[in-house]
Amino acid sequence: MTWTRGRETPNPGSDAALAAGCTCPVLDNAHGRGMPYADGPRFWVSGGCPVHAAGAQARVDELDSLAADVNLAAAKPPEAGP
Ligand SMILES: [Zn+2]
């Protein structure tokens, strides 16, 4: 995600964000207060939110294009020993 807390953008799920067109979860974000964590609140951001997820679809497209280069057999963890 491209959204970082502390910018001028209101927190996801807050009344101010909703007024700006935010489509992020309201209850999951405690109406903009976020989920309490020791290092500060964390937020759920909807991938299609025009306020908080700008550029998210471009990033998904980028990752999809990278997936074609991944060799899953080579990425498999080694077999466990006896
Ligand atoms: Zn949002």
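So, pLDDT is the predictor's confidence in each residue, on a scale from 0 to 100. I'm starting there since what we have on screen is a predicted model. Across the protein chain the mean pLDDT is 83, and 79% of the residues come in at 70 or more. The confidence isn't even, though. Helix 1, residues 15–19, has the highest mean, at 96, while helix 3, residues 72–75, has the lowest, at 66. And the usual warning applies: where pLDDT is low, don't read the predicted coordinates in detail.

Okay, the overall layout. The protein chain has 3 helices and 0 strands, so if you walk along the sequence you just get α-α-α. There are 82 residues, and 17% of them count as buried. Now the contacts: take those in the protein chain with a separation of 6 or more, and 38% of them join residues 24 or more positions apart.

Let's look at some individual residues, starting with C22. You'll find C22 in the loop between helix 1 and helix 2. Is C22 buried or exposed? Buried, because there are 26 other C-beta atoms within 10 Å of its own, and the cut-off for buried is 20 or more. Which residues does C22 touch, if we skip anything up to four places away in sequence? That list is P12, A17, C49, V51 and H52. Take H52 from that list: it sits 30 residues from C22 in sequence, yet the two C-alpha atoms are 7.1 Å apart in space.

Next, N11, which is in the segment before helix 1. N11 has 22 C-beta neighbours inside 10 Å, so N11 counts as buried too. Its partner across the chain here is G34: the two are 23 residues apart along the chain, with 7.9 Å between their C-alpha atoms.

Now for a bit of backbone. Most residues other than glycine have a negative phi. With that in mind, have a look at A30 and H31. A30 is not a glycine, but it has a positive phi of about 50 degrees. H31 isn't a glycine either, and its phi is positive as well, at about 55 degrees. Where are they? A30 lies in the loop between helix 1 and helix 2, and H31 is found in that loop too. As for burial, A30 is partly exposed, because it has 16 other C-beta atoms within 10 Å. H31 has 13 C-beta neighbours inside 10 Å, so H31 also counts as partly exposed.

Last stop, Q57. This one is in helix 2, which covers residues 56–67. Why does Q57 count as exposed? Because there are 11 other C-beta atoms within 10 Å, and 12 or fewer is what makes a residue exposed. Q57 has a distance worth showing as well: G47 is 10 residues away in sequence, and the pair are 7.2 Å apart in space, C-alpha to C-alpha.

To recap the burial calls: C22 is buried, N11 is buried, A30 is partly exposed, H31 is partly exposed, and Q57 is exposed. And if you go poking around helix 3, remember its mean confidence is 66. That's me done, thanks.

Methods:
Residues are numbered from 1 along each chain as its sequence is written. This is a predicted model: local features need pLDDT of at least 70, side-chain atom pairs count only at pLDDT 80 or more; totals for chains, interfaces and linings use all residues. Helices (H or I, at least four residues) and strands (E, at least two) are DSSP runs, numbered from the N terminus. Two residues are in contact if their C-beta atoms, placed from the backbone, lie within 7 Å.
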